[in-house]
Amino acid sequence: MGLMSERILTGQNEKQTEPDWVLMILAVRDHRDRAAFARLFEHFAPRIKGFLINSGADPSMAEECAQDVMTTLWHKAAQFDPSRASVAAWIFTIARNRRIDMLRKQRRPEPEDLTWGPEPEPDQADVVALQQETNNLAKALKSLPKVQRDLIEKAYFGDLTQSEIAKITGLPLGTIKSRIRLALDRLRHAMKQ
Amino acid sequence: MTIKHHPEESTLLAYATNNLPEAFNLIVASHVSLCDECRAIVESHDTLGGALIETGTVASMDTESLDRALARLDVKTMPERKRHTPGTLPTPLQDYVGGDVDSIRWQPVGMGVKQAILPTSSAATARLLYIPAGAAMPHHSHKGTEMTLVLQGAFEDEDGRFARGDVEVADADVHHTPIADIGEDCICLAVTEAPLRFKGWLPRIMQRFVRI
């Protein structure tokens, strides 16, 4: 584990001003590091809250839900797979499901969990490449025309019908999809051993 | 085993963003459990959701929020969910059935065909279908889209052959006559937008049965 953290550290771009969130989650997972948790909380909780308010939650519910999402992150840190998801993506899935619970909406079945085989850690190169692709995706998202971005946001706030969803085109997902696909292949291979 | 027939891309996006009725969530989660191609698409939609959170509105938390969260870290609030082992039914389906195929409470609908309706919200209907090897699917009409996921055996119709993991998407105006493979009894999950209306299916299925 120590080796992996070091490699993430040395692989970190010096121009990057933001802390390495993957490293923070690993510190939470392996060392129950409360300082790392606090940094994750300070960055992500206000963003989760903003996201929930935009998707129609009232501020006090959004506050409570954002807190819940962060404590869930603490408890489920062992399930985070940095070769398949950015920290923000993982947080998005927790927030989406927490929001469903709070609104007491219909159940949302989740796909089967894929657990690691005897190989204890994802390939380090996969982790770095996935995080790189995530940054590219965020940039591509910023450069989309406003109309298109607004439509995508509405979809993620749970505000669209299926036929409106069908109108969303040109999502910049090609490279991130093949990256995740590759990580899934490696995972399947490890599970077979 | 290669999966050839997938849900539409927009259905996968609607799943990731929680814009589907429960029954459709169930069929997508079940397909994704068997199909890494679609799992990669859904997880890239999750990545996009993450990017939206990362670049979206920031709403400040209450002043004592972090302290309250830190105080709660040692309290294990979430009971572990009962975990199923993947079998003929992928785990999301086992959550609804209460186990694998042996736990399905089938109801006979005639000619060896059985069905089990699963408890979902009323916006759409999910049911498991058991079709004896070589028999035809019961004919039924439905409003809107119908999705069928093969879990065991296979069936064939005008659109091709559908085996484990494959999803057939049919609009309301599609009149197809799927026939189960002769080698093995076929188990499918079928999901329709509105409640099903069986319409004279018994005579029809008898016709087809006789034809085989």
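Student: What makes the pairing of A:Arg84 and B:Glu43 a salt bridge?

Tutor: In this predicted model, their side chains meet at 2.6 Å, N to O. The cut-off is 4 Å between a side-chain nitrogen of Lys or Arg and a carboxyl oxygen of Asp or Glu, so the pair counts.

Student: And what about B:Asp62 and A:Lys49, which side chains meet there and at what distance?

Tutor: Those two meet in a salt bridge as well, with 4.0 Å from N to O. B:Asp62 sits in the loop between H3 and helix H4 (65–72) of chain B, while A:Lys49 belongs to helix H3 (residues 34–54) of chain A, so this pair joins two chains.

Student: How many salt bridges are there between chain A and chain B?

Tutor: Nine. Searching the whole structure, over all chains, gives 22.

Student: What is the area buried between the two chains, and how much of it comes from carbon and sulfur?

Tutor: About 6300 Å², with carbon and sulfur atoms giving 58%. The contact draws 67 residues from chain A and 59 residues from chain B.

Student: Why are H2(B) and H3(B) called oblique to each other?

Tutor: The axes of H2 (residues 22–34) and H3 (residues 36–55) of chain B cross at roughly 120° and come within 6 Å. Roughly perpendicular stops at 115 degrees and roughly antiparallel starts over 145, so an angle between those limits counts as oblique. The crossing is left-handed.

Student: Which residues meet there?

Tutor: From H2(B), B:His31, B:Val32, B:Ser33 and B:Leu34; from H3(B), B:Asp36, B:Cys38, B:Arg39 and B:Val42. They divide into four nonpolar, two polar and two charged.

Methods
Residues are numbered from 1 along each chain as its sequence is written. Chains are lettered from A and ligands numbered from 1 in the order in which they are written. This is a predicted model: local features need pLDDT of at least 70, side-chain atom pairs count only at pLDDT 80 or more; totals for chains, interfaces and linings use all residues. Side-chain values use heavy atoms; hydrogens and water are left out. Axes are lines fitted to C-alpha atoms, for helices over the stretch in contact, and angles run from 0 to 180 degrees between N-to-C directions. Helices (H or I, at least four residues) and strands (E, at least two) are DSSP runs, numbered from the N terminus. A crossing is left-handed if the near helix is turned anticlockwise from the far one by less than a right angle, and right-handed if clockwise. Contact means heavy atoms within 4.5 Å. Ala, Val, Leu, Ile, Met, Phe, Trp, Tyr, Cys and Pro count as nonpolar, Asp, Glu, Lys and Arg as charged, and the others, Gly among them, as polar. Buried area is the accessible area (1.4 Å probe) that two parts lose on being put together, summed over both.
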